[in-house]
Amino acid sequence: MSKIIALCNQKGGVGKTTCTLNIAAGMEKIGKKVLLVDLDPQAHLTYCLGIQAHELTQTIYDVFKGNRRIADVVLQLDGLAVIPSSLDLAGLEMELAGVPGREFLLREALGQTDNYDFILVDCPPSLGILTLNALTAAQEIYIPLQTEFLALKGMSKLIETIDTVKKRLNKDLEITGIIGTRYDARKKLNKGIIEIISERFGNKLFQTIIRENISLAEAPGYGQTIFAYAPKSYGAEDYLALAEEIVAREQPPPPASGRKRRKAYK
Ligand SMILES: Nc1ncnc2c1ncn2[C@@H]1O[C@H](COP(=O)(O)OP(=O)(O)OP(=O)(O)O)[C@@H](O)[C@H]1O
Ligand SMILES: [Mg+2]
């Protein structure tokens, strides 16, 4: 069965899309089959892959509207499978108002496919119907947190929403991963924030912290993952380490061959 993970934080610009894309690309490098789902009306993930979202005729929007099945809208790109977003998603909240079971549409659609090891869902920076669909479809939530002042601001609202979804829509849902992003070792504040996140979330915080890296900011402009754009960059190093950490955590090796590794961030 595919493991469905939603990358979620209603705070904007914390690295959700960068994480979703490059974790998937890292997983693909270590032999996993991954499906990416762009659930953001901004379609940043879609554009980051060099796909012109505004020119597409079949997207995740058509799946929500019941006009297309998942298999009809998946695009294959350099080993990655992606369901692109559409700017039309922005109106979905209104279009689905009053539709019974509207929170279950993505779960039902993704239930049609079992071809992947992981399905990663890039959520928009809001807690509306699209994020609710992601939380209802997912087994796990990863929360990217920028290692900056105010990183944890808004977390109580996010956790409250997740608790409500857990009670009413998806009892198996768990926050299983916190990803520290845009870490700058030169900034004392960044180190302090990592310590605070670590105290609050314990081993849910991935040991791999994603460093601030200019190549990560540049790659989307070329429609490339970090591995294609700058394979020797810190960004590529960090996302490969994170993908390995996730795969090891999700699919642990048999105990005899298990090996403990701690990545120190400097
Ligand atoms: N580690 C990093 N180093 C440098 N720049 C980064 C890093 N991670 C992300 N960025 C840049 O920061 C900006 C915001 O990142 P991203 O789009 O991934 O955040 P987001 O949480 O998906 O935003 P939104 O809430 O708008 O969907 C982008 O311009 C991205 O290229
Ligand atoms: Mg985004």
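Here are some notes on the surroundings of ligand 1 and on two helices, α1 and α12, in this predicted model.

1. Starting with the ligand: 19 residues sit around ligand 1, and Gly12, Lys16, Thr17, Thr18 and Pro125 come nearest. Two elements, α1 (16-29) and α10 (214-218), give two or more residues each to that shell. The top contributor is α1, with three residues.

2. If you care about the chemistry of the shell, the split by class around ligand 1 is nine polar, six nonpolar and four charged residues.

3. Now for how α1 meets α12 (residues 234-250). Their axes come within 8 Å and cross at roughly 70 degrees. Angles of 65 to 115 degrees count as roughly perpendicular, so α1 is roughly perpendicular to α12.

4. Which residues make that contact? On the α1 side they are Asn22, Ile23, Gly26, Met27 and Lys29, and α12 answers with Tyr239, Leu240, Leu242, Ala243, Ile246 and Val247. By class, the contact between α1 and α12 has eight nonpolar residues, two polar and one charged.

5. As for α12 itself, its 17 residues reach 24 Å from the first C-alpha to the last, close to the 24 Å expected at 1.5 Å a residue.

6. Which residues of α12 are buried? Gly235, Ala236, Asp238, Tyr239, Leu240, Leu242, Ala243 and Ile246. The cover over these buried residues includes α1, α10 and α11 (226-229). Note that α1 and α10 turn up again here, having also given residues to the shell around ligand 1.

Note on methods. Residues are numbered from 1 along each chain as its sequence is written. Chains are lettered from A and ligands numbered from 1 in the order in which they are written. This is a predicted model: local features need pLDDT of at least 70, side-chain atom pairs count only at pLDDT 80 or more; totals for chains, interfaces and linings use all residues. A residue is near a molecule or strand if its C-beta atom, placed from the backbone, lies within 6 Å of it. Helices (H or I, at least four residues) and strands (E, at least two) are DSSP runs, numbered from the N terminus. Ala, Val, Leu, Ile, Met, Phe, Trp, Tyr, Cys and Pro count as nonpolar, Asp, Glu, Lys and Arg as charged, and the others, Gly among them, as polar. Axes are lines fitted to C-alpha atoms, for helices over the stretch in contact, and angles run from 0 to 180 degrees between N-to-C directions. Angles under 35 degrees count as roughly parallel, over 145 as roughly antiparallel, 65 to 115 as roughly perpendicular and the rest as oblique. Two residues are in contact if their C-beta atoms, placed from the backbone, lie within 7 Å. The expected span of a helix is 1.5 Å times one less than its number of residues. A residue is buried if 20 or more other C-beta atoms lie within 10 Å of its own, exposed if 12 or fewer, and partly exposed in between; C-beta atoms are placed from the backbone.
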